[in-house]
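Hi,

Here is the structure I promised to pass on. Have a look at it first, and then read my notes underneath.

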Amino acid sequence: MANEHISKKFDAELEGVRSRVLQMGGLVEQQIVRAMECLALGDMAMADKVIADDHLVNALEVGIDEDCVHIIAKRQPAAGDLRMIMAVVKTITDLERIGDEAQKIARMAKLIHAQDRRLSTRFAELRYASDVALEMLNTALDAFARLDISAAGKVVKQDQIVDEQFRAILRQLVTFMMEDPRTISAAIDVLFIAKAIERIGDHAKNMSEYVVYLVKGKDVRHITAEEFERETSSPD
């Protein structure tokens with residue numbers, strides 16, 4: 001009975017950590033949405049809120065990290081339980097960095113609107129890329145919550161879309177700058193935002209890789225997209 005009690009308590013601790021990861025993920029998603037709204041609308045107050053709320057994301061990372069350290073010290077987890085803790089630690093690191101990218105977008109939105117350095121024709125492309133990156137993040141979090149490696153596989157395919165969109169925006173911006181040097185400052189602003197969105201996609205992709213590691217015990221970092229698809233389509 002004592003062992004059963006300890007086991008149930010351990011399971012509750014693990015579930016608590018998982019829940020806090022999803023809470024952190026929800027906050028980060030909100031940060032991205034608000035940052036892109038700042039860019040579209042020029043809402044300086046909202047931009048300031050995104051920048052200020054980054055400390056909430058950081059605090060969640062520190063708190064979850066400490067919880068994981070305590071679980072390792074107290075429970076000495078092994079096998080799947082240890083993989084869960086390791087996946088959580090890696091996931092919250094990527095979530096914190098996504099929060100940083102959202103903060104960067106908000107800062108750039110303030111600069112763009114304060115100095116009226118807008119290339120409005122590029123906002124549609126940025127919005128499309130951010131929508132895909134946000135969907136990637138949502139899918140990665142869902143894959144983590146349900147331990148769904150097939151959902152993780154979808155994230156990798158979407159990352160290719162974000163990468164292609166970033167390259168397309170870059171080519172367009174280079175053309176603008178070559179044709180009219182007066183657009184250089186505005187183009188660089190847009191480039192910083194496009195790069196931040198591309199990085200959000202990269203971090204979401206990392207999170208999907210941790211799900212595969214958690215479920216299958218295989219490290220799928222640095223493999224090709226085709227190899228990743230085989231891993232996520234195979235139940236073994």
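Below is what I found, going from the whole chain to a few residues in one helix.

Before anything else, please keep in mind that this is a predicted model.

Overall picture first. The protein has 7 helices and 0 strands, so the pattern along the sequence, by the way helices and strands are assigned, reads α-α-α-α-α-α-α. Its C-alpha trace spans about 75 × 40 × 20 Å along the principal axes. Of the 236 residues, 46% count as buried. Among contacts with a separation of 6 or more, 81% are between residues 24 or more positions apart.

On the surface side, about 11800 Å² is exposed, and carbon and sulfur atoms supply 54% of that area. As for charges, there are 31 positive and 40 negative ones, and their mean positions are 1 Å apart.

Now to helix H3, which covers residues 79-114. I looked at three of its residues: Ile85, Met86 and Thr91.

Ile85 has a relative accessibility of 0% and therefore counts as buried, the cut-off being under 20%. What does Ile85 touch, once residues up to four places away in sequence are set aside? The list is Leu14, Cys68, Ile71, Ile72 and Pro77. Another pairing to look at is Ile85 with Arg18: they are 67 residues apart in sequence, while their C-alpha atoms are 9.1 Å apart in space.

Is the next residue, Met86, buried, exposed or partly exposed? Its relative accessible area is 34%, so Met86 is partly exposed, falling between the 20% and 50% limits. Met86 also belongs to a nonpolar patch on the surface, together with Ile72 and Leu82. The three residues have about 210 Å² of accessible area together. Ile72 thus turns up in two places in these notes: it is a contact of Ile85 and a member of the patch with Met86.

Further along H3 is Thr91. At 3% relative accessibility, Thr91 is under the 20% cut-off and so counts as buried. Leaving out its neighbours within four places in sequence, Thr91 is in contact with Val21, Met207 and Tyr210.

If you want a place to start in the viewer, go to H3 and step through Ile85, Met86 and Thr91. You can then colour by accessibility and see the buried Ile85, the partly exposed Met86 and the buried Thr91 for yourself.

Cheers

Terms used:
Residues numbered from 1 in each chain as written. Predicted model: local features only at pLDDT ≥ 70, side-chain atom pairs only at ≥ 80, totals over all residues. Heavy atoms only, no water. Helix = DSSP H or I, 4+ residues; strand = E, 2+ residues; numbered from the N terminus. Buried < 20%, exposed > 50% of the residue type's maximum accessible area, 1.4 Å probe, protein only. Contact = heavy atoms within 4.5 Å. Areas by Shrake-Rupley, 256 points an atom, 1.4 Å probe, with all protein chains shown as cover. Lys, Arg positive; Asp, Glu negative; His and termini not counted. Charge placed at Lys NZ, Arg CZ, Asp CG, Glu CD. Patch = residues over 30% accessible without salt bridge, like charges linked within 9 Å, V, L, I, M, F, W, Y side chains within 5 Å. Salt bridge = Lys/Arg side-chain N within 4 Å of Asp/Glu carboxyl O.
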